[in-house]
Amino acid sequence: MSIENLRLAVLIDGDNAPRDCLKGIMEEIAIYGTPMIKRIYGDWASHGLSTWKNTLLENAVTPKQQFAYTTGKNATDSAMIIDAMDILYTGKADGFVLVSSDSDFTPLAIRLRESGMYVIGIGEEKTPKAFVQACDKFIRVEVIRDKYKKPAKAAAKKTASARKTASSKAADKAPAKAAAKKSAAPAPAAPEKPPVPEDIISLIADSVADLADDDGWIDMSNLGNLIIKKQPDFDPRTYGFGKLSNMLKNLDRFELQVRETSDPNVRPMYVRDVEA
């Protein structure tokens with residue numbers, strides 16, 4: 001079964017998950033499979049979790065009540081872990097999505113992977129490395145926020161443009177000279193992409209070397225899979241690129257080559273380290 005067809009159990013730690021981008025998180029999860037189970041755990045009698053209500057209804061996520069029996073202790077973790085094991089043994093899922101920035105779920109991620117489950121972690125930048133490395137794939141919440149804010153920004157820009165057009169029509173009698181001056185205003189410069197760190201470039205170069213053929217070439221898809229295995233939280237979007245191929249095109253160290261096959265619709269891309 002391919003990753004895209006996985007039946008996923010999405011388990012959310014209500015005490016350590018961001019509530020401002022749950023919709024974006026669910027849309028991101030859909031890339032990897034179908035969320036058959038969507039549950040969030042917390043003490044819903046506490047004031048701190050009361051603002052989740054509308055977000056959960058909009059995304060069809062089921063809240064699971066877990067009272068905090070002792071002050072300062074997180075009972076949510078235990079409830080979520082028990083549920084995960086119950087789901088594992090029922091065989092209703094092919095993979096799990098653990099949404100939390102808490103390292104306490106590291107043993108759970110390891111145990112699920114030992115049972116053949118594909119484990120995706122979703123958490124904030126502060127997530128401890130132990131939990132990140134315990135997952136097959138780890139996605140930063142900050143990346144998801146940036147990705148799913150863009151459509152909203154585009155819609156706002158479109159609305160502003162429409163208002164501007166309407167206002168312009170109302171001002172048709174304004175001097176032509178003023179209109180010409182306005183149209184000549186320079187366009188705002190595009191924001192610069194953050195530089196790719198040297199350790200990430202080294203990670204890519206080492207991965208190319210690991211699987212390259214005698215001529216130094218490696219299939220792009222194989223390269224991407226190996227990088228994720230080595231560093232689960234690797235994501236080109238962190239550095240301003242939508243895809244790994246776009247990222248490599250902007251790095252002088254790597255050469256890309258598109259190859260023809262007997263199927264005109266299949267044109268695999270290969271990568272080579274020119275400094276190797």
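**A tour from Y270 to the F131–F138 pair**

Begin by selecting R259 and Y270 in this predicted model, where R259 lies over the face of Y270, at 3.8 Å from the ring centre.

Keep Y270 highlighted and add Q257, because Y270, in β9, is the bridge partner of Q257. Colouring β8 and β9 (residues 269-273) next shows the setting of that pair, since the two strands run antiparallel and are joined by five bridges.

Now extend the selection to the whole sheet, which is open, has three strands in the order β7-β9-β8, and is paired in antiparallel fashion. The edge positions belong to β7 (217-219) and β8 (254-258), and because each of these has a single partner strand, one side of each is left without a neighbour in the sheet. If you turn the view to look across the strands, the neighbouring ones are rotated by 30° against each other on average, direction ignored.

With the sheet still displayed, select helix α9, residues 220-230, which lies across β7, β8 and β9 and runs at about 80° to β7.

For the last stop, leave the sheet and select F131 and F138. What is the arrangement of the rings of F131 and F138? The model holds one aromatic pair by the rule applied here; the ring centres of F131 and F138 are 5.9 Å apart and their planes stand at 80°, and since planes over 60 degrees apart count as edge-to-face, the pair is assigned to that class. Switching on a surface lets you ask of each residue whether it is buried or exposed: F131 counts as buried, at 0% relative accessibility, and F138 is likewise buried, with a relative accessible area of 0%.

How values were computed
Residues are numbered from 1 along each chain as its sequence is written. This is a predicted model: local features need pLDDT of at least 70, side-chain atom pairs count only at pLDDT 80 or more; totals for chains, interfaces and linings use all residues. Side-chain values use heavy atoms; hydrogens and water are left out. Two strands pair if DSSP finds at least two bridges between them. Helices (H or I, at least four residues) and strands (E, at least two) are DSSP runs, numbered from the N terminus. Axes are lines fitted to C-alpha atoms, for helices over the stretch in contact, and angles run from 0 to 180 degrees between N-to-C directions. Contact means heavy atoms within 4.5 Å. Rings of Phe, Tyr and Trp (its six-membered ring) pair if their centres lie within 6.5 Å; planes under 30 degrees apart count as stacked, over 60 as edge-to-face and the rest as tilted. Buried means under 20% relative accessible area, exposed over 50%, partly exposed in between (1.4 Å probe, protein chains only). A charge sits over a ring if NZ of Lys or CZ of Arg is within 6 Å of the ring centre and within 35 degrees of the ring normal.
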